[in-house]
Amino acid sequence: MKNIITLNFINLLKARIESGTDLVQVILGPRQVGKTTTTLQLLEEHYRSNSLYVSADSVFNADSGWLRSHWQVALQEQRILVIDEIQKCFNWAESIKALYDETKREKRHLTCVLLGSSSLEIQKGLSESLTGRFQLIRVPHWNFAESRLGYGLSFDDFLHYGGYPGSYELIGTNEWYDYVKNSIISTVVEKDILQFSKVKNPALFRQAFELLISYPAQEISYTKLLGQLQDRGNVELIKHYISLYEGAYLIKTLEKYSPKAVKVKSSSPKIIPLAPALGYLPIRTRFSTEERGRAFEALVGAQLLRTGEELFYWREGNAEVDFILKKGQALWAIEVKSGRKKSAAGLDLFKRKVPSVRPIVITVDNYESFERGPMEFLEGAWV
């Protein structure tokens, strides 16, 4: 990978290490986006002589004793302790809590960095055991600027193949599809979801993912989704499946905006693949105009999700707004235009209903400015 040290998360990690914080640094994000590679490069370039990297993935029976032994070595030698695939260590959260509290009581200092891919398992451990003892660093899929800088991807190629840098060398070959499907998606399903979550019918679960990513940036009812599965189930089952795929950094679903929370929760979801490559998997040919428009809309949605603010869509009859972003009391109505014909009726109607809303249009022409800082871009239009 080229220029990987320029990824934003590693600059944040370095700044926190340099600050001397006692809080455990937890790096979370999807597989195959450079978390381990970039962290190792940081250690090599800046902390080669005073760091200790270990991985629970390479140990047959990583447990509290394994953690304690490495913690003590790092503590005695005053080295930065970096533990990869922490979710593979049995009872890891309780063990880290005990070691952290013990070190604090002894008034000693250790810089500890934890990396992991299974968001569901790690988030559970953080909330149940490590409250107040950690800082979270989120690592998203690669965006267009990073992909162009690192691998020279054009915007068109990024819309088709973007998000997973390990696959970029395979673009234009038959191996790209196999790599993304088998080395990324299948690994996520087997190691990050099924290993830690109870799924009665794994085959149906996998089929649900293929169905979900075939509706990028589209609103679809739970009952329609359920009706297309090849086995029986219920709406709660498909909601459970969606929550697992969301926790594994593959998709997010948006609810319909309404001032009334009950209507928001009962609405049909809008599917947002978190990397362009995911939405392209079911297609595997050059986009039609409609498919390209959906891919661009999904890309914008994925970038808006990175702001951490509340994000919705809106529809009333045939009138729709692609995204509604809410930050405190401020509200933006965001229309995405990629060249396909779309009516502005939804944006106009929503503004009449909510006069305080800030309408904005994102196009291919202003996308790069938007991507550099989505929230800054939205707020800058209304200074």
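Visitor: In which loop does Thr 285 lie?
Guide: The model is a predicted one. In it, Thr 285 belongs to no helix or strand named here, but lies in the loop between α13 and α14.Visitor: Is Thr 285 buried, partly exposed or exposed?
Guide: Residues between the cut-offs of 20% and 50% relative accessible area count as partly exposed. Thr 285 has a relative accessibility of 46%, so its class is partly exposed.

Visitor: Which residues does Thr 285 contact, leaving aside its neighbours within four places in sequence?
Guide: One partner, His 160, is 125 residues away in sequence, with a C-alpha to C-alpha distance of 9.1 Å. With the neighbours within four places left aside, the contacts of Thr 285 are His 160 and Tyr 280.

Visitor: What is the phi of Arg 284, and where is this residue found?
Guide: Arg 284 is not a glycine, yet its phi is positive, at about 65 degrees. Its relative accessible area is 47%, which makes it partly exposed. Arg 284 is found in the loop between α13 and α14 (289-305).

Visitor: Which loop holds Gln 32, and what is its phi?
Guide: Gln 32 is found between β1 (24-28) and α2 (35-46). It counts as partly exposed because its relative accessibility is 35%. Although Gln 32 is not a glycine, its phi is positive, at about 60 degrees.

Visitor: In what order do the strands of the open sheet with 7 strands run?
Guide: The pairing in this open sheet is mixed. Its edge strands, each paired on one side only, are β6 (218-219) and β12 (358-363). Across the sheet the order is β6-β8-β7-β9-β10-β11-β12.

Visitor: Which residue of β8 stands opposite Glu 219?
Guide: Strand β6 is joined to β8 (residues 270-273) by 2 bridges, and the two run antiparallel. In β8, the residue opposite Glu 219 is Lys 270.

Visitor: How many bridges link β7 to β8, and how many link β7 to β9?
Guide: Lys 252 has Ile 272 in β8 as its bridge partner, and Glu 255 stands opposite Phe 312 in β9. The pairing of β7 with β8 is antiparallel and has 4 bridges. The pairing of β7 with β9 (residues 310-316) is parallel, and its number of bridges is 2.

Visitor: Against which elements do the buried residues of α9 pack?
Guide: Helix α9 covers residues 202-212, and its buried residues include Leu 204, Phe 205, Phe 209 and Leu 212. Gln 207 is also buried in this helix. The buried residues pack against α8 (175-194), α10 (222-227), α11 (235-247), β7 (251-256), β8 and α13 (276-280).

Visitor: Why is β3 described as largely enclosed, and which residues cover its two faces?
Guide: In a regular strand the side chains alternate between the two faces of the sheet. Strand β3 (residues 80-84) has 5 of its 5 residues buried, so the rest of the structure largely encloses it. Both faces are covered, with Ile 80, Val 82 and Asp 84 on one side and, on the other, Leu 81 and Ile 83.

Visitor: Which residue of β3 stands opposite Tyr 53?
Guide: Strands β2 and β3 pair in the parallel sense, over 5 bridges. Opposite Tyr 53 in β3 is Val 82.

Visitor: What does Ser 51 touch, not counting residues up to four places away in sequence?
Guide: Ser 51 lies in strand β2 (residues 51-55). With a relative accessible area of 11%, which is under the 20% cut-off, Ser 51 is buried. Residues up to four places away not counted, it touches Leu 43, Arg 79 and Ile 80.

Visitor: What radius of gyration does the protein have, and what would a compact globule have?
Guide: The C-alpha atoms fill a box of roughly 65 × 50 × 45 Å along the principal axes. For 383 residues, a compact globule would have a radius of gyration near 21 Å, and the value for the protein agrees with this, at 22 Å.

Visitor: What share of the residues counts as buried?
Guide: The secondary structure comes to 17 helices and 12 strands. Of the contacts with a separation of 6 or more, 70% are between residues 24 or more positions apart. Among the 383 residues, the buried share is 52%.

Visitor: How far apart are the mean positions of the positive and negative charges?
Guide: The protein has 49 positive and 44 negative charges. The distance between their mean positions is 5 Å.

Definitions and conventions
Residues numbered from 1 in each chain as written. Predicted model: local features only at pLDDT ≥ 70, side-chain atom pairs only at ≥ 80, totals over all residues. Heavy atoms only, no water. Rg over C-alpha atoms; globule rule 2.2 N^0.38 Å. Buried < 20%, exposed > 50% of the residue type's maximum accessible area, 1.4 Å probe, protein only. Contact = heavy atoms within 4.5 Å. Lys, Arg positive; Asp, Glu negative; His and termini not counted. Charge placed at Lys NZ, Arg CZ, Asp CG, Glu CD. Pairing = 2+ DSSP bridges.
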